[in-house]
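Visitor: Please choose one part of this structure and take me through it closely, with the contacts around it. I work at the bench, so plain cut-offs would help.

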Amino acid sequence: MRLRRRLSVLVAIALVPSLLLTAYNAARWRIFLENETRATALSEARVTSSELDQIIDNARQLLTALAKFPLNTDNKDECDLYLKSIIANVQTFHEAAIIDTDGKFLCSTTPEALDVGDRFHFSQSLKASELRAGTIIQGRITHSTSIRLSMPYKDADGSIKGVIVLIGDSEKLAEGLQAFQWRPDHRLIILNGQGSLVLTLPTNDSEEADTIAKLIFAQISYAKSEAVVVRDPIGRNLIVGVAVPGSASEDLFTAVALDRDSALAETAIINVRGIAFAFIFIILAVISVWLAAYLMIDRPVRRIIKTARKRESGDTSAAFPKFRYSDEFGQLSAALTRMSGRIDELLKQKDLLLRELQHRVMNSLALLSSLLEMQRRSTKSSVAKETLADARDRVVAMGTVYRHLYQTNTSEYVEFSDFLRTICGTSASAYVGTRKSMEVDAESLELSGPHAISLGMVTHELITNALKHAYSSNESGSIKVTLKHKKRGGIDLSISDQGRGLPPDFNIEGKSSSLGMKIVASTVRQFGGTLEINRLKPGTEFVIHLPANIARS
């Protein structure tokens, strides 16, 4: 992984905790606002319940007074006028009636007397011994929704004679409670002890409110006020604050429902934006670090590495880039420059010593070849003369190699194709004169100095062997030397002639093989190559198969 990418990853890792902290704060803030919404719903429910207690307590006092001072129900007109005079001074309730045990109106403020014996709330009122609040009902005459509070009245002996009813307009009651300035997403629901809807605000969608009332009633407790979460018929989550009945409204629960998603919608948007901004900030920070690392770190490092690779490939003229010395890259470049300068000095000293060594070796080989030649001339044995001549030829070949290395002014690598032509030319001049021809077809190949010396000696040995044994002294002929790169990798060096060929029983590893051929076989094995001998018609071909790694990469 590159340094620039590592720095970007480190910056991203360093900024991830801030993103997680933002997400954590968003979650905590959402929880806080949800708790605040619960508290708001519960607070509004308690305030509304207190107001409702006051209204019902006033109604209780009125009904109690009517029950203690019974009216003359036999005179309906007088009774009606009396009830109308009382209702005229009560804002919340607009109708009143006295109903007997059979459900018939004895007197009433309504224009028509009705039979309510079939009404459920009437039968429940007869069974109750105190004030009872009925559910929302629709009038048979006015067709408007209303709320009924009823209380049984008794005669002197304590027997129930009927029910006194106060009829409140739900809209007027809602107007009184609207002083709290309800928000559009708030809904007031009042339900009785059986879970039936008594009042809802807004007054529309009473069927939906009735369903919500039943869901609320299934979760509320008579013991304490609380906030619950219910799902309405259309799938919305509602936070409902429920206040338990007060001392006056012992059978009425007050609930305020808030749309949870609407209450938290703004917070959700803010949280999403905050997390998105934090994520974008991380991306921008990573991009900024990526660009800054490229300009301030990656590019200087690349320039230093590029120079180092040039010097590694042998370009000693390549200079390390210059930076301000006060920063780290400037100090690194200066240190590398000093180090490379010291290395250049050592290499110059090495080259100087090596050239001196090559010169001395070359002089020593020349002296040795002269001594061998003098010894060959002074000896009388033909076998000794031939042996000394072979030794002299090998020393001359080695001298030729060192002379070529000295003249090329290099200590590392040698262009072997030029070296090969020099060896062939020297061998042809020394042995064959004008009677033999030498053909060289060599492709470019760079070898290290030791490899070039060893392979040059092998080539000289095979050429000398062909010159001595392939043709007779007066016979003309040619010797072909080729150096080729194979398509599948590897290098082939071949020396071939068109002479008399090898003896039938020739074996390069056999006891009868000459010292020169054994040197050839041993050197090829040291290269990791193989030696192939082909019998031509006419002539012989020696092919040395060398591995590709012998060449300079």
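Guide: Helices here are DSSP runs of H or I with at least four residues, strands are runs of E with at least two, and both are numbered from the N terminus. This is a predicted model, in which local features need pLDDT of at least 70 and side-chain atom pairs count only at pLDDT 80 or more, while totals for chains, interfaces and linings use all residues. Residues are numbered from 1 along each chain as its sequence is written, and side-chain values use heavy atoms, with hydrogens and water left out.

Let's follow helix 6, which covers residues 260-312. At the N-terminal end of helix 6, Asp259 acts as a cap, with a side-chain oxygen 3.2 Å from the backbone nitrogen of Asp261. That is a polar contact (a pair of N or O atoms within 3.5 Å; within protein, one must be able to donate a hydrogen and the other to accept it, and residues adjacent in sequence count only if both atoms are side-chain atoms).

Arg260 of helix 6 forms a salt bridge with Glu34, at 3.1 Å from N to O. A salt bridge means a side-chain nitrogen of Lys or Arg within 4 Å of a carboxyl oxygen of Asp or Glu, and the structure has 13 salt bridges by that rule. Glu34 sits in helix 1 (residues 3-68), so its pairing with Arg260 ties together parts that are 226 residues apart in sequence. Glu34 and Arg260 are both buried, where buried is under 20% relative accessible area, exposed is over 50%, and partly exposed is in between (1.4 Å probe, protein chains only). Arg38 joins Glu34 and Arg260 in a network of salt bridges.

Further along, look at the surface. Ile280 lies in helix 6 and is partly exposed, at 42% relative accessible area. Together with Phe277, Phe279, Ile283, Leu284, Ile287, Trp290 and Leu291, Ile280 makes a nonpolar surface patch of about 780 Å². Patches take residues with over 30% relative accessible area and no salt bridge, joining like charges within 9 Å and nonpolar side chains (Val, Leu, Ile, Met, Phe, Trp, Tyr) within 5 Å. The areas come from the Shrake-Rupley method with a 1.4 Å probe, and for residues only the protein chains shown count as cover.

At Tyr294, helix 6 bends by about 45°, the bend being the angle between axes fitted to the seven residues ending there and the seven starting there.

Next come Asp298 and Arg302, a salt bridge whose closest N and O atoms are 2.6 Å apart. Both belong to helix 6 and are four residues apart, about one turn. An α-helix has 3.6 residues a turn, so residues three or four places apart point the same way. Asp298 is buried, at 9%, whereas Arg302 is partly exposed, at 38%.

For a parallel case, turn to helix 7 (residues 328-378), where Arg376 and Glu373 are three residues apart. Their salt bridge brings the closest N and O atoms to 2.7 Å. Here Glu373 is buried at 14% and Arg376 is partly exposed at 21%.

Back at our chosen part, helix 6 is followed by Gly314, which has a positive phi near 110°.
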